[in-house]
Amino acid sequence: MCGIVGYIGEEQATPVLINALKKLEYRGYDSAGIAVLGDEDLIIRKAKGALKFLEQKIATEIIQGTMGIGHTRWATHGEPSDVNSHPHTNVSGKIAIVHNGIIENHARLKSMLEEGGVTFKSQTDTEVVAHLIDFFYEGDLFQAVLEALKKIEGSYALAVISQDDPSRIIAVRKDSPLVIGKGEGENIIASDVPALLEYTREVYYLEDREIAVLYRDHVEFFDTEGKPVEKDTIRVEWDVASAEKGGYEHFMLKEIHEQPKALTDTLRARIKTYASKTIHLEEIGFDSSWAEAGRVIITACGTAWHAGIVGKYAFEHFARIPVDVDIASEYRYRDPLFNPKDIFIIISQSGETADTLAAMRMARKGGARIIAITNVVGSTLAREADLVMYTWAGPEIAVASTKAFTTQLMCVYLIALQFGSLRGVVNEEDLSRYIDALEAIPQQAERLLADKEAIQRFAAHQFNKTKAFFMGRLFDYAISLESALKLKEISYTHSEAFAAGELKHGPIALVDESTLVVAICTQEALFDKMDSNIKEVKARGATVLVITYEDVSYFDASADGIFRIPHTIDAFSPILSVIPSQLYAYYCSVQRGLDPDKPRNLAKSVTVE
Ligand code: F6R
């Protein structure tokens, strides 16, 4: 997820571009860059790191020009560096583009262009688009963009300018956001509305596969066939502060809502349909030799460790391979036994957690092979692991992890199923059925989120409870752990998780009228066991919220409240069943007057022990 901007008007473009990029920095801060069309030349400046480094770089320069494009990067293809920063250009340096998204067929296009003699400067997927436009350029930039669009696959918001076409910016989107601000004698594009608000409140929302051509005094719209499209502006009334969070009150709520899109991005390009649906992990370098492992060892911290617990159950179920799952801070100081035939899966949103990295290095030293699941391109974990599977969740700003977790789960399922398939445990027909179920999840998550007020109402009544226990069995136990962590870290409620079968071995002594028990019940074979546990805590005065499938009435009589989630295969339920808990934690935090985005004592990335 990157941020793109563009300006064409009477003012100097550079300050407008920098200012607009500042409003988009939450979208990525690996590098930033601008391209400004001066009287004669295209002037390009880029810098690795946060936008302030670009600002420092150009502080003493006067960059003349009243039209330009800009970019703030969240690296996907190619590590964060000056050379991989946008804008990217064609060979002559006359055409410049900025891009947000992923060009999925970039490798194929790159080979085709290289065969034609093009030399690439960066490792990005984006650069192919600049060369492709050049390839089709015969004096009309618009036509060249139309031709290039026919060739590219994936998601994109693009802005294109050319030294030979100094009166317009061409912009297009598919599956990545882009808005256009209509000003007086000036027009602006941006990935998100906050970047425009200082200049105008009249906004065109570009639809998928629509092209906008921005001139100084007007904007024209077309479809990808080049046919004109009529569009009206919408007046945006948002106040600037809330708009930076895309209209959400907090980043956490925004990120909870981004899960359907993030999950789609995680799956995209990893599923292929030939005779039947199959999983493709070649992009990460995964081949059948990995599935010959004798054992899988998963290590991680916090929320990522909970994803590891789901991973253990998933691997054992789908791939019939023994799995150990360990907290990285314990693992690194134990005297663990493993051998070079074992495979390590290291999970970390940031890819920088000190304990997690130490556990990885221990595995590396012992000769084991390592798969990293991480969200941050170019992170230490990504650089040091043998294989990297990115979660593609986009930047996670709120300290409490939400979309990174559910996308970690998606990655874990894909690897487990691939292991199962390669080891002959999962047959073709079952694999296809499992993939169908995974593909349905983003839409199911969307549906679940539409009902978030039910959780908000429940939180409004329960947020003052001093004790909250989460219980479940199998996959539901893993989600109980994650749910309890979410609630404690942002609402400061004392919350704990129990494997429901353990209740009678101690924890039930704590249950009284002041206790909220959240029972997660998605493992159908164990519904009767869970119902007994619910009755046991109810008999001791607890208030019970059940999270179960929408078509299950098993717990109607025993629960005080029920939150229903769409039905999926029981093993995949964690991706959906955790969402009500994320929302519950969020609403409790807000009810208590706290800032869910910045909980006390916590930091987003724990790079020290
Ligand atoms: C909780 C949370 C933390 C992280 C943990 C590991 O909401 O976010 O528990 O999961 O600090 O961080 P990463 O995944 O960056 O290694």
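User: What classes of residue make up the shell around the ligand?

Analyst: The shell has six nonpolar, seven polar and two charged residues. Here Ala, Val, Leu, Ile, Met, Phe, Trp, Tyr, Cys and Pro count as nonpolar, Asp, Glu, Lys and Arg as charged, and the others, including Gly, as polar. The model is predicted: local features need pLDDT of at least 70 and side-chain atom pairs pLDDT 80 or more, whereas totals for chains, interfaces and linings use all residues. Residues are numbered from 1 along each chain as its sequence is written, and side-chain values use heavy atoms, without hydrogens or water.

User: Which residues are the closest of those that surround the ligand?

Analyst: Of the 15 residues that surround the ligand, the closest are Ser 348, Gln 349, Ser 350, Thr 353 and Glu 489. A residue is near a molecule if one of its heavy atoms lies within 4 Å of that molecule. Helices α9 and α16 (475–491) each supply at least two residues of this shell.

User: What makes the approach of Glu 489 to the ligand a polar contact?

Analyst: A polar contact is a pair of N or O atoms within 3.5 Å; within protein, one must be able to donate a hydrogen and the other to accept it, and residues adjacent in sequence count only if both atoms are side-chain atoms. An N or O atom in the side chain of Glu 489 is 2.5 Å from an oxygen atom of the ligand, so the pair satisfies the limit of 3.5 Å. The protein buries 90% of the 410 Å² that the ligand exposes when taken alone, by the Shrake-Rupley method with a 1.4 Å probe.

User: How do you know that the length of helix α9 agrees with its number of residues?

Analyst: The expected span is 1.5 Å times one less than the number of residues. For the 18 residues of α9 (residues 302–319) this gives 26 Å, and the end C-alpha atoms are 25 Å apart, which agrees. After α9 comes Arg 320, whose phi is positive, near 50 degrees.

User: Why is Gln 523 called buried?

Analyst: Buried means under 20% relative accessible area, exposed over 50%, and partly exposed in between (1.4 Å probe, protein chains only). Gln 523 has 8% relative accessibility and therefore counts as buried. The side chain of Gln 523 also makes a polar contact with the side chain of Thr 522, at 2.9 Å.

User: Why is Gly 506 called partly exposed?

Analyst: Gly 506 counts as partly exposed because its relative accessibility is 36%. Gly 506 lies in the loop between β23 (494–499) and β24 (515–521).

How values were computed: Helices (H or I, at least four residues) and strands (E, at least two) are DSSP runs, numbered from the N terminus.
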